[in-house]
Amino acid sequence: MYVCYRLYFRGDRYNHRFGHLGHSARLPDLDSPILPYHTSADDVYLGYLPLAHVQEMSAEMFFISIGMTVGYGSPLTLTNKSTGVKAGVKGDVTCLRPTVMLAVPLILDRLGKGIREQVATGSFVARALFKFAIDYKTRYNKLGYTTVSSM
């Protein structure tokens, strides 16, 4: 077996372990949902999960191999209103403006909460326009159509 990654697992105080992943274990990642979105060297990836997440490590290696810009952040500093960001300082997403991110449910919940709070502070017109855009995208996605994901 050719070793692709050597992983360190923290055990108890004196019993640390290592694991090996071969290339054949990482090949299924190439058939991931990321590829249909036609990622290119012009895209920007924001890595914020620990490298202990094998999917995060594989994604970073893949994106680096195609020449994409890879930036690093923290789950506590993703948005301008995250707990790890001082008032008046921009978060990782605002600074890096990523086009690709891996997500876990907890982070999606945090991002969604921040977006809802920001929209709630806007005018009636802004709230109505946001609701219309979300409803429009949801309706057409359910019908099987694709909509504009980014501008």
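**View 1. Strands β3 and β5 pair in the parallel sense over 2 bridges.** In this predicted model, strand β5 covers residues 100–101, and Y45 of β3 stands opposite V100 in β5. Strand β3 itself takes in residues 44–47, with V44 and L46 pointing one way from the strand and Y45 and G47 pointing the other way. These residues of β3 are all buried, whichever way they point.

**View 2. On strand β3 there is also a pairing with strand β4, again in the parallel sense.** Strand β4 is made of residues 69–72 and is joined to β3 by 4 bridges. Among the residues that face each other across this pairing, V44 has T69 as its bridge partner in β4, while the bridge partner of G47 in β4 is Y72.

**View 3. The 3 strands form an open sheet in the order β4-β3-β5.** The pairing throughout this sheet is parallel. Because β4 and β5 stand at the edges and each has a single partner strand, one side of each is left without a neighbour in the sheet. In general, the strands of a sheet pair through backbone hydrogen bonds, and they may do so in either a parallel or an antiparallel way.

**View 4. Helix α2 spans residues 54–65 and contains E60.** The helix has 12 residues, which should span 16 Å at 1.5 Å a residue, and its end C-alpha atoms are 16 Å apart, so the two values agree. The buried residues of α2 are E56, M57, S58, A59, E60 and F63. Just after the helix, G67 takes a positive phi of about 85°.

**View 5. The side chains of E60 and Y72 are joined by a polar contact of 3.2 Å.** The contact links helix α2, where E60 is found, with strand β4, where Y72 has its place. E60 has a relative accessible area of 3% and is therefore buried, since buried means under 20%. Y72, by contrast, has a relative accessible area of 53% and counts as exposed, because exposed means over 50%. Y72 also contributes, together with M61 and I64, to a nonpolar surface patch of about 310 Å².

**View 6. N80 lies in the loop between β4 and α3, the latter being residues 92–96.** With a relative accessible area of 37%, N80 is partly exposed, because this value falls between the 20% below which a residue is buried and the 50% above which a residue is exposed. N80 and K90 are 10 residues apart in sequence, and in space they are 4.9 Å apart from C-alpha to C-alpha.

**View 7. Helix α5 is formed by residues 124–142.** Its 19 residues reach 27 Å from the first C-alpha to the last, which is close to the 27 Å expected at 1.5 Å a residue. Just after α5, G144 takes a positive phi of about 95°.

**View 8. The close-ups belong to a protein whose secondary structure comes to 5 helices and 5 strands.** From the N terminus on, the elements of the protein run β-β-α-β-α-β-α-β-α-α. Buried residues make up 25% of the 151 residues in the protein, and among them are E60 of helix α2 and the residues V44, Y45, L46 and G47 of strand β3.

Notes:
Residues numbered from 1 in each chain as written. Predicted model: local features only at pLDDT ≥ 70, side-chain atom pairs only at ≥ 80, totals over all residues. Heavy atoms only, no water. Buried < 20%, exposed > 50% of the residue type's maximum accessible area, 1.4 Å probe, protein only. Polar contact = N/O pair within 3.5 Å; in protein donor to acceptor, adjacent residues only side chain to side chain. Pairing = 2+ DSSP bridges. Patch = residues over 30% accessible without salt bridge, like charges linked within 9 Å, V, L, I, M, F, W, Y side chains within 5 Å. Areas by Shrake-Rupley, 256 points an atom, 1.4 Å probe, with all protein chains shown as cover. Salt bridge = Lys/Arg side-chain N within 4 Å of Asp/Glu carboxyl O. Expected span 1.5 Å × (residues − 1).
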